[in-house]
Every structure is written in C-alpha cells, then in structure tokens.
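Thank you all for making the time this morning. I would like to walk through one model with you, beginning at the ligand and working outward from there.

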Amino acid sequence: MRNAVRCTANSQFDSGTLDYTASDHFMTNFLRWLTFALCLPSLSGQGAAQVAPLLANINARQTTSLDGQWQAIVDPYDVGALDYRAQPLKNNSAFYKNYKPQSESELVEYDFDTSGQLHVPGDWNTQREQLLFYEGSVWYKRSFDYTKSLKNRLFLHFGACNYLAAVYLNGEELGEHEGGFTPFDFEITDRVRAQGNFLVLRVNNTRGRDQVPTVNTDWWNYGGITRPVSLVEVPQTFVQDYWVQLEKGSTRQITGWLQLNGPKLEQKVTIRIPEAGVSKTFQTNSMGRAELSFSADLALWSPENPKLYRVEIASETDQVIESIGFRSIEVRRTDILLNGKSVFLRGISLHEEAPVHPGRAWGDDDARTLLSWAKELGCNFVRLAHYPHDESMLRMADQMGLMVWAEVPVYWTIQWENPQTLHNAENQLNEVIARDHNRAALIIYSVANETPVSDARNRFLRQLIQDAHAADATRLVSAALQSNQVADGNRMTIHITDPIASDLDVLGNNEYIGWYTGRPEDTDSTDWISEYGKPLIMSEFGGDALFGYHGDAHTRWTEEYQKNLYEHQIAMLKRIPFLRGMTPWILKDFRSPRRTLPRFENYFNRKGLVSDRGEKKEAFFVLQKLYRELQGAQPRK
Ligand code: GCU
C-alpha cells in the first residue's frame, strides 16, 4: 500500500544535503516536524503524530521494554488496511482499531487476541515454518498500561522494522517509517493512557523497485519488528542528542555539540569526563544548541586498547551517561592512520544473522558471539554488510576493539533517477549517522555495494558521499566497487577505474577470482593498479564450501577448494602495494533466496568461514594464520 503522501521518516527537508553538523540542526528538525504534520493524512481525523527526532542513547534513559510475545495477524491481501476497492479503511474494520464485536450479531472479521503470537524483536520468517518465504503485511498488537510522571514526556522507540512500518496507538495513527535497518521514535506524551493502551503496527516487507534495497538481494528479506521496542520517559526539556568526538586529525581537541529538546532551550550544560579530569560548562542558544570545544589528555581508543570513558552529559533539567572512546582516523595518500599511526585493517564481512539461532541477530549476546568469532580470526575490523546493523553491534565493537565499516543498502541496481529513492537512501544514511556518531569503532561509511557505473548512478552516489562528508567530517567514506580485468600476455591486470573512486576517501573493491571468474590459481598471475593514490580495502573475495564436505582442492563446495582459494587470494593481496585492508566474504554462512542448489546451498550462501551452525571450516584457519602474522608484523613507518 503505497500512497503518494507517504513520508520517509526524516528526510523530507534534507533535500539531499545532510545538515548534521551545521548550526541549524534544530531548524532542520523543526521544519521536518512541520512537513510531517502537513503531509501525513490522518486516518482517524485527528492529526497524526510525527516521527520524532532520534533520541540518542536510549539504553541510558528511563525505559520500559515492550519486547516479548505480541499478538499478530498475517495479512497477505492487506484486508486490515484496504477495502475491496483498495481504498484505505477508516471504520472499525481497520485492524489498527482493534475493534471487538459489541453483540453476537455484529460482524467483525479480525481478532488479534485469537490470531497467535510472534516474538518481538524477531523476524517472522524463522518463527513459523509457513512464514519462511512470506513477504507482505503482518499486523502486530501489544497492550500495555503506563503511568507517566506528570511532568515528563514519553516516546516510543523502535530499533528497526523491516521494511515499511505504519504505527498506531489507541486507534490513532502515529506515522510511518520506511527502511528496515534504522531506528525511529514517536512522541506519545499526550496520547498514552494510564491503562489499556493498545499499540498496533502494520509491518510490510514487500520488495519494491524504487526501494532501498530494491527487489534483488543476496540476503533473506526478513520481515518484522526485528529490533527492541521501548517506551522512553524524559523530562519536559531533555538532552535529545550530542556529539562528543575528537576533532578531525586531533588526538586532544574535542569538538561537538549538544541539542536540547523542549520548552526551556536556553540552559547551562556540562560535559564531565571524570577519569580525564574534565568538567566543562557551555550555554545553549535559543534553539537549544551548544557548540562544544575543549581539549583533554585522553588514552586513545584502538583495537589493542579499546578505552571507553564514562562521559556525563548534563543540562539543568536532564542528564545522560554515555560511554565514549576517542580516536582519530585519517587517510594519508595510500595509507590509513589510526591515531596518527599506519594501520592495516584485518577484517571480515558479516551479515546481521544470529550466530546460533536462525534469523536476524539483535542484542548484546548475538553481537558478542559474532564479534568474538571475528576476534578469534585475529580481526581488528569488521564490515557490517550491506545495511546498518543493530546499535548493540556498534557498542559491542566499541567494547571489544573492532573498527567498523557501516553501509547503507544501496545494493546492485537501484532506481538512480528516482528522487524518492535518493531521499530514502539519504534518510537511511542520516539515521545511521544520527544513531552511531559517538561510536569510536565506527570509522567508515560505505554508500554503496556493486553498483553499475552510469551518469545517474554517479550523481546519486556523489550526493550520498557529499552528505556523509557534510554530516561527519571526522570519518572516512567508501563504497564496494567492482573492477575490470585486462589480459596482458599471460598475466591479468585489474585496473580500478570506477569514476566514483575520485570522490571516496578509501576504495573498496569486490572480486571473486577463483569462484565466479577463473580458477583460484589465476590470482598468481593477477596484478592490481589504481591511479587514485588512495588506500584500497578488498571488501569482498571468497568461495562457497559446505562444512564437512571434503575432497581435492579443485572440487567445488569442498572445504579444500575454499582453503586453496584463500591461500592463492592471500598471496595476490600481499602483492598489492596500496592494499590497506580486507574483509573477505564472509564470516558465517547466511540465508539467501538466490541460493537454490540442493545439498550444497539449500537457500544458504556457503561462503562463510563458519557454517550456519557455528562450525569452523578449514579456510577459517588460513585467514587466522595470516592475521596472526600481520598482528606480529611491524606497522609501516
Ligand atoms: C556479491 C555481493 C554479496 C553476495 C556475494 C556472493 O559480491 O556483494 O552480497 O553475497 O557477492 O555472491 O556471495
């Protein structure tokens, strides 16, 4: 159900330029609020609420979890939203009304309370066998009582819902959010009751050509309320967000801002870092914003020493405790510098699939297990493919000392000419920056994966690259490109020529020599060149192997084939002078609708170094050996 007036959460007004660090951040928010209120038709006559500006650091606030078993109605034909003429329902037959028959003779054709349950957070596909391939709408209902302190405000926070979520409270529409991998909030201060609240969501994961990602992905289109849901109670005027990070290229100067939200916008605010003896006071302006700038002696965050500081962010009416690491990340010619020193990014790619139970991963436990496997490999870096992963993954990477490549799902062939699609992609980029900008682990934003070169595509990606740089001058921007190979006598030369490379800070490149093209041994006679004078991260390489299937090194699907492929790849990669990192494809086998081969695939991509049951394949130890060597090696001067 796609109506022309639907707004993607945040970016109505961003019009392609992310205005994150510029001073009128609050103005952008206010205008966004205004637009939303204007464009969202309310199905219930009373004005719809609006998607609120993202509240930072939910877990450090007064929250009430709404996770658990929710009532659910699977609605493949959207009868809960549309009448038989496909017109939006406004009467009690609309499922968000949660209406019950008032008499034996009244006809009501839906009932949440007898329709079964689904666990939240969680995808629906792996909770019921018949929903494994299901794409469409599912309605969720959660009843709750809530006594809010009179003087406070209340927000509803969603970690993520895939793909399109329409949210209703007590029979009224709150709003919609598009994009399956980023958080959103609604303010419900004036809508919540002490008793008998019913929260209803229509979540739809139908793929669409104009969406981000679009209709074709090599990962499972898990649908549902895939990350935690919570009620967040805050003071009338609260600390909505803050940016406390080292200035670009500095290891002492902290710059940033703090944004208040509420009636009392001009306040004294204080930033304390007790362990570093820092206590600084600033004044917010009439927009509730304070620019922060001060120097401090800090132990810098790095994979070897993932030092996080307790940071107390306080205003006269609110306080938030944060845990922040301080590090600088830069590029100098073909080198990547962490805290001013050259660093090689020993990485692995991973999807957001749970390590042991099927389906989407979420929360600390899944993050810790997946990242522990990466640490066991000897990694100091992970590529979170191909979309923003759960916030707990970023915070766990902060704690465990793993640098992060984060990506928005501009994947394969997106509708480059469609302004709505660009809006959507910018919005997802904006939301991930809004959520993770205080994470030391996060060093690279990737704006695309394997996208075909064209003028329209180049314009689209250049806009995203510009947005990322405008919103965050302290981090690097990259993309996973593809390059052409040219035969050159009995050798092969791969030339990185993608025009977008000139706009990137770091080049990413995916190659599958030995799996989709040629034999593993072909890498022995393959050379790489690039005129860009920039560092390269080989963002993907690899081959499939079914755990436990053994044979000679040239038999596809065997562990020996994968091992052989890795050995040859590594020898080639060591010969690339401007290579400064790699994230082989992939840590763990993952579900994919594109992988239909019985026995070997069974709807799984088997390029994992770990099987879908957590078993390590032989190639795991080949990469581990390399990373241990690199760990021992002296860094470049
Ligand atoms: C691509 C793509 C991945 C995919 C992989 C593969 O490069 O980026 O999403 O899973 O190749 O084919 O295994």
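Let me start with glutamate 450, where an N or O atom of the side chain sits 2.3 Å from an oxygen atom of the ligand. Please keep in mind throughout that what you see is a predicted model, and that every distance I quote is computed from it. Glutamate 540 also takes part, with a polar side-chain atom 2.6 Å from a ligand oxygen, and for tryptophan 585 the corresponding separation, again from a side-chain N or O atom to an oxygen of the ligand, is 3.1 Å. How much of the ligand's accessible area does the protein cover? On its own the ligand has 310 Å² of accessible area, and the protein covers 96% of that. If we look at the surroundings as a whole, 14 residues surround the ligand, and the closest are Asp218, Tyr411, Glu450, Tyr516 and Glu540.

From the ligand I would like to turn to strand β24, residues 403–407. All five of its five residues are buried, so the strand is largely enclosed by the rest of the structure. Both of its faces are covered, with Met403, Trp405 and Glu407 buried on one side, and Val404 and Ala406 buried on the other. Its pairing with strand β23, residues 381–384, is in the parallel sense and runs over four bridges, and within that pairing phenylalanine 381 has methionine 403 of β24 as its bridge partner.

In the loop that leads from β24 to helix α4, residues 419–436, we find proline 409. Is this proline buried or exposed? Proline 409 is buried, since its relative accessible area is 0% and the cut-off for calling a residue buried is under 20%. The C-alpha atom of proline 409 is separated by 9.4 Å from that of glycine 179, although the two residues are 230 apart along the chain.

A second loop residue deserves some attention, and that is tryptophan 301, which lies between β16, residues 289–295, and β17, residues 309–314. Tryptophan 301 too is buried, at a relative accessible area of 0%, and its side chain reaches the backbone oxygen of aspartate 398 at 2.8 Å. Between tryptophan 301 and glycine 514, which are 213 residues apart in sequence, the C-alpha to C-alpha distance is 38 Å.

Following the chain on from that loop, β17 forms a hairpin with β18, with four residues between the two strands. They pair in the antiparallel sense over six bridges, and isoleucine 313 stands opposite valine 320 of β18. What pattern do the side chains follow along β18, residues 319–324? They alternate, with Val320, Glu322 and Ile324 pointing to one face and buried, while Gln319, Ile321 and Ser323 point to the other face and are not buried. For comparison, you may recall that in β24 the residues on both faces are buried.

Next, the open sheet, in which five strands follow the order β1-β9-β6-β11-β2 with antiparallel pairing. At its edges stand β1, residues 51–52, and β2, residues 62–65, each with a single partner strand, so one side of each is left without a neighbour in the sheet. In the case of β1, the antiparallel strand β9, residues 184–187, is joined to it by two bridges, and alanine 52 stands opposite aspartate 185 of β9.

As for the nonpolar interior, the largest core has 100 residues, and Val410 and Met582 are the ones with the most contacts inside it. Helix α5, residues 455–471, contributes the largest share of this core, namely seven residues. Apart from it lies another core, of 31 residues, which includes Val138, Leu156, Ala165 and Ile225.

Two cysteines may interest those of you at the bench. Cysteine 161 is buried at a relative accessible area of 1%, and cysteine 379 is buried at 4%. How many disulfides does the model contain? The count comes to zero.

I will finish with serine 530, which is found in strand β30, residues 526–530. Its relative accessibility is 19%, and therefore serine 530 counts as buried, given that the cut-off is under 20%. The side chain of serine 530 reaches the backbone nitrogen of tyrosine 532 at 3.1 Å.

Key:
Residues numbered from 1 in each chain as written. Predicted model: local features only at pLDDT ≥ 70, side-chain atom pairs only at ≥ 80, totals over all residues. Heavy atoms only, no water. Core = buried A, V, L, I, M, F, W, Y, C linked by side-chain atoms within 4.5 Å. Buried < 20%, exposed > 50% of the residue type's maximum accessible area, 1.4 Å probe, protein only. Disulfide = S-S within 2.5 Å. Polar contact = N/O pair within 3.5 Å; in protein donor to acceptor, adjacent residues only side chain to side chain. Pairing = 2+ DSSP bridges. Near = heavy atom within 4 Å. Areas by Shrake-Rupley, 256 points an atom, 1.4 Å probe, with all protein chains shown as cover.
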